Amino acid sequence: MKISNNWLKDYIKTELSSEKISAYLTDIGLEVEGVDQFESVKGSLGGIVVGKILTCEKHPNADKLSKTTVDVGAGKVLEIVCGAPNVAAGQTVPVALVGTKMYAKDGTSFDIKKAKIRGEVSEGMICAEDELGLSNDHSGIMVLDPEKFEIGKNFADYFELTNDEVYEIGLTPNRTDAMSHYGVARDLHAFLVSNNLKSEFTKIESKILNIEGSHDFKLEVENSELTPRYLGAIIENVQVKPSPDWLKARLKAIGLSPINNVVDITNYILHGLGQPLHAFDADKILGKKVKVGTVKEGTKFKTLDGVERTMNGSEIIIKDGQDNPMCIGGVFGGLESGVSSETKTIFLESAYFNPVAIRKASKYHGLNTDASFRFERGVDPNNARTALTHAITFLQELAGGKLVGEILESYPEKIKDHYVVLRYSKIDQIIGTKIHREKIKEILKSLEITILNEIQNGLELSVPVYRADVTREIDVIEEILRIYGYNKIEAPKKISFTPVKLDFEDQDALENAWARTLQANGFHEVMNNSLTSVKDETDAVKLLNPLSNDLAFMRNSLLEGLLENAIFNINRKSPDLKFFELGKVYHKKTKYQERKQMAILTTGRELPENWLQPKSATDFYHLKAYVKILLEKLNLDLHESALEDDRFSDALEIAAEGKTLARLGKVSPQLLKDFDISQEVFYAEIELENCQALRTKDNLKFVDIPKFNKIRRDLALLVDKTISYSELYEVAKKNKSPFLKKINLFDVYEGQNLPEGKKSYALSFELLNEEKTLEEKEISEVMTSLIKSFEKELKAELR
């Protein structure tokens, strides 16, 4: 937000330099991000004189140029070549003499020199308005009134130039009280007074108005919850015309373009006092009645920008007596009811609207205006009449208007100030030092916080309603510290703390351990936005007030974000990727669900290209190995099964004790096509909360190296093609022998020399007795038991 130094001084008188003001504003949390110099007339008018064109004829060598002679006073006549279409003999014009420094719109400058243009001498330049920084008009040279401008006079003498310094303030959303020059001045004054610096603050109050005649307009507010306070005034005999230079300069200083005196006055009040106003052409208000309420969903309404918008039925709408929409209250005006050059009577609105309703309307229609910016954060309801009376005074002075009849108002229930109990002991505890009690009272008074009563160890306070963010004791303490000065609080020389050992049940410990494991294996962690767009809204969680359609839903999978990361890197010649992400996913089923997952994505080569392994493309089994590395640390009995999931062409689910721990597979070609990815991608997601719930304390065990050798035996089993390895594994795991330590699949064969519909699995079994060497009889008993189980349960045959 931009704050003009000259404008600021309308409300606060201080002898401080702009550098000091800038520093103090930063001290109180209104951080100044930069200071710009402003001139009401951009560029320098030095060297510009008033001249008169004596002759004007066509340039002999260029159709679009004119050759002129110009009298610049003191009997001096210059030859000047001019390309403007409107140049003519007899005109009084501004002339830039040789040596004048001119400024372009981009801030660069150039000097006027004597030169030859297409063979003709040119000894200066006849200027257009934009070349002098007076406007953006470059349609032709600026023609002056010969009765007001004297030949040979300095052009700058006819202008009251304004220089200003403009502070760019980084304002946090909670500081609604400082969203105006008056609010910033009030806050700065509190700081200066508290620090014994000279400052005089001009408090703005409602003006006593001169009322002429009466009117027959009526006001109806349909819902006081949406519009707690609404005021309107009728001003007649308004002359819509350009604003005076001082008002234009104020608006230009903060980056606003002057439009006309009526609009400029409302903008002046908005940025000066922080209260948005809106002016309607009163003659266009049918039925001479203003109604504030809502309209039916689907109602069409054309706003000031010429766009026809469809109402959703929740917006605050300003309507005429026949329920025709005139304005989206607090957001944007209507095209038909706006003030024009023909307007003679206006209805001037000042209101306090429900902040939530304004924010919803603003976001729904994508209209972010200066008015909605303030209304949705909460303006001062007690400032509505004050701002209105000041605007009316300006309209009387600058537009010749006259106030007719009493101001219309709806304010059924006054919005009360915040009641807060402040304890001195709490102040000492939070700040870490003891501030003198009288100093605390002085700061509260400077902040316009009223002390209702002094109680034991504290104060009862009434906080002004314009401080929407100060509603609790801790908020008041923050305000005291802000004004007192953070730099006055000394840092303790000794800091003591007790390290907290993470409990085994702490999920962060598990996540950190897994993250370190993946990083050690060449993975990079990514973080993606949890807001996204979805194609299928079946179980998606939709936001009530999305920032945009692309960010309208909570993500229901981490895969899409990782695929975006992948294509971003692939397009930048980095196709070999290993990513993981820790994040939450959201679903709407019978109730809303929120789960935390670890997602893993691999694509490209598993190892960098080299002469030993020129083709080391990552595959499903590489991904599975990484997942198993993590899950095996849980010390659980893991079960694998095939998974049907539209995101994968081939997928596997790993579970334990009936709970899903992980899903992994090869990403489907269609999904890859949607993201314009042409290489294979493998993805896994681990359910962190399930893993944590099943995690056991004895997941790490240290044992002696076995003194006796392991024994390996192999079996080649002929089974139906429908039988999977996981089924064989499960049958073998049921074997009750304590000697069976490991089961592994080392070969699968289908083809010649096998019966039709059959395939062969070759399995190895490791057996170990930790107490003694296994005897052949014991080994045979285990293998015989396994063979019988395979034959009985899966009808397997030995090959």
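Which side chain meets Arg 647 in a salt bridge? The partner is Glu 685, with an N to O distance of 2.8 Å. Before following that pair further, please keep in mind that the model in front of you is predicted.

Let us see where the two residues sit. Arg 647 belongs to the loop between β35 (639-642) and β36 (648-656), while Glu 685 is part of strand β38 (residues 681-687), so to speak a link between distant parts of the chain, 38 residues apart. Arg 647 has a relative accessible area of 16% and is buried, because buried means anything under 20%. Glu 685 is buried too, at 3% relative accessibility.

The strands around this pair are worth a look. β36 and β37 form a hairpin with two residues between them, and in the turn Glu 657 has a positive phi of about 55 degrees. The pairing of β36 with β37 is antiparallel and runs over eight bridges. If you want a landmark, find Phe 648, which stands opposite Val 667 in β37. On to the next strand: β37 also pairs with β38, again in the antiparallel sense, over five bridges. Here Ala 662 stands opposite Ile 686 in β38. How enclosed is strand β37 itself? Seven of the nine residues of β37 (residues 659-667) are buried, so the strand is largely enclosed by the rest of the structure.

Now for another charged pair, with another setting. Glu 766 and Lys 710 form a salt bridge whose closest N and O atoms are 3.7 Å apart. Glu 766 lies in strand β41 (residues 758-767) and Lys 710 in the loop between α16 (688-694) and β39 (711-720), so that the pair links distant parts of the chain, 56 residues apart. Is each of these residues buried or exposed? Glu 766 is partly exposed, with a relative accessible area of 23%, and Lys 710 counts as exposed at 54%.

Strand β41 leads us to a sheet. Four strands make up an open sheet in the order β40-β41-β39-β42, with antiparallel pairing. At its edges stand β40 (740-749) and β42 (797-798); each has a single partner strand, so one side of each is left without a neighbour in the sheet. The partner strand β39 meets β42 in the antiparallel sense over two bridges. In one of the bridges, Leu 718 is matched with Glu 797 in β42.

Salt bridges also turn up among the helices. Side chains of opposite charge can pair when their charged atoms come close. Asp 187 and Arg 482 do so here, with 2.6 Å from N to O. Why does this pair tie together parts that are 295 residues apart in sequence? Asp 187 lies in helix α3 (residues 181-194) and Arg 482 in helix α11 (residues 473-484), so the contact joins those two parts. Both Asp 187 and Arg 482 are buried. The pair also belongs to a network of salt bridges that includes Arg 175, Asp 177, Arg 467, Asp 469 and Glu 479. For the model as a whole, the count comes to 51 salt bridges.

A nonpolar residue comes next. Ile 435 lies in the loop between α9 (424-431) and α10 (437-446), and is buried with a relative accessible area of 1%. Leaving aside neighbours within four places in sequence, Ile 435 is in contact with Asp 428, Ile 440, Ile 480 and Tyr 484. Ile 480 is 45 residues away along the chain, and the C-alpha atoms of Ile 435 and Ile 480 are separated by 9.7 Å.

On the surface, Tyr 419, Val 421, Leu 452 and Ile 455 make a nonpolar patch of about 350 Å². Strands β26 (418-423) and β27 (450-455) each supply at least two of the patch residues. Tyr 419, found in β26, counts as partly exposed at 48% relative accessibility.

Our last stop is Arg 309, in strand β20 (residues 308-310). Arg 309 is buried, at 13% relative accessibility. What does its side chain meet through polar contacts? One partner is the side chain of Thr 303, at 3.0 Å, and another is the side chain of Asp 305, at 2.5 Å. Not counting residues up to four places away in sequence, Arg 309 touches several residues, among them Phe 301, His 365 and Leu 367.

Key: Residues numbered from 1 in each chain as written. Predicted model: local features only at pLDDT ≥ 70, side-chain atom pairs only at ≥ 80, totals over all residues. Heavy atoms only, no water. Salt bridge = Lys/Arg side-chain N within 4 Å of Asp/Glu carboxyl O. Buried < 20%, exposed > 50% of the residue type's maximum accessible area, 1.4 Å probe, protein only. Patch = residues over 30% accessible without salt bridge, like charges linked within 9 Å, V, L, I, M, F, W, Y side chains within 5 Å. Areas by Shrake-Rupley, 256 points an atom, 1.4 Å probe, with all protein chains shown as cover. Polar contact = N/O pair within 3.5 Å; in protein donor to acceptor, adjacent residues only side chain to side chain. Contact = heavy atoms within 4.5 Å. Pairing = 2+ DSSP bridges.
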